[in-house]
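Please open the model in your viewer and keep the selection tool at hand. The stops below say what to select next and what is there.

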Amino acid sequence: MMSKKEWLLCLEEMDHMFPDAHCELVHRNPFDLLIATLLSAQCTDKLVNKVTADLFKKYHTPEDYIAVPLEELQTDIRSIGLFRNKAKNIQALSHILVTDFNSKVPADRDLLMTLPGVGRKTANVVVSVAFGIPALAVDTHVERVAKRLGLNRWKDNPLQVEETIMKKTPAVDWSKTHHQIIFFGRYHCKSQNPGCHICPLLDRCREGKKREKKGLVKREQVTEVN
């Protein structure tokens, strides 16, 4: 397994590659971010932003979402995967925000996770991005990168990945690290056809070295990690 020292060196390289990594979900406030992150489950940020461009013009508050029939909200997000269930959860959590939280999104991960459709990943994104609270959300990109590099075991679940990254990363860097790993996975270490041949982390990567040994990777200009 990858040591803390090796992991921090990998993070340094990701910082060089993606110094401006950020949340790509377009939002105006914590409530918008909560809705957008909920919609992003099993869906790309690009599609979510396309849908919310119109959605956020129509809906501004929790009250707005519960003022329309469920069928209308479903139609508004129809191009999003699992739109029926997501529409139901949006209305349900909006009701709770109105009745229990004075229509405000709580800046507490555990409270957020009590809302319908809000899991640990979504709650971590909201507290980190909207409220600046150190947190580390594990999505498919973060999980894939951590396991390919050898920071985590292939059998580890998302919570185990989260705990390992937090243990080996300074808390002050959790939020930044979350975005940089996502950018690394989204734009470089892709699910299909990862950029191993130009990856500066190839010599440290469990999966990359395995692919190279099998002849699947032909190095080009690989920058060494010091």
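Start by selecting the two cysteines Cys43 and Cys23: the sulfur of Cys43 has its closest cysteine sulfur in Cys23, 14 Å away, which is too far for a bond. A disulfide here is a pair of cysteine sulfur atoms within 2.5 Å, and by this rule the count comes to zero disulfides. Cys23 is accordingly in no disulfide, the nearest cysteine sulfur being that of Cys43 at 14 Å.

Before going on, note that this is a predicted model, in which local features need pLDDT of at least 70 and side-chain atom pairs count only at pLDDT 80 or more, while totals for chains, interfaces and linings use all residues. Residues are numbered from 1 along each chain as its sequence is written, and side-chain values use heavy atoms, with hydrogens and water left out.

Keep both cysteines selected and turn to their exposure, where buried means under 20% relative accessible area, exposed over 50%, and partly exposed in between, computed with a 1.4 Å probe on protein chains only. Cys23 is buried because its relative accessible area is 18%, and Cys43 is buried with a value of 17%.

Next, select residues 174–187, which form helix α11; helices (H or I, at least four residues) and strands (E, at least two) are DSSP runs, numbered from the N terminus. The expected span of a helix is 1.5 Å times one less than its number of residues, so the 14 residues of α11 should span 20 Å, and the end C-alpha atoms are indeed 20 Å apart. Of these 14 residues, 11 are buried, so that α11 is mostly covered; among the buried ones are Trp174, His178, Phe183 and Gly185. To see what covers them, add α1 (4–17), α8 (120–131), α9 (140–149) and α10 (158–168), which are included in that cover.

Now narrow the selection to His178, within α11: is this residue buried or exposed? His178 is buried, because its relative accessible area is 5%. Its side chain reaches the backbone oxygen of Ala137 at 2.9 Å, a polar contact being a pair of N or O atoms within 3.5 Å, where within protein one must be able to donate a hydrogen and the other to accept it, and where residues adjacent in sequence count only if both atoms are side-chain atoms. Leaving aside neighbours within four places in sequence, His178 is in contact (heavy atoms within 4.5 Å) with Val125, Leu136, Ala137 and Val142.

Finally, select Arg78, in the loop between α5 (70–76) and α6 (83–100). Arg78 and Val51 are 27 residues apart in sequence, with their C-alpha atoms 8.9 Å apart in space.
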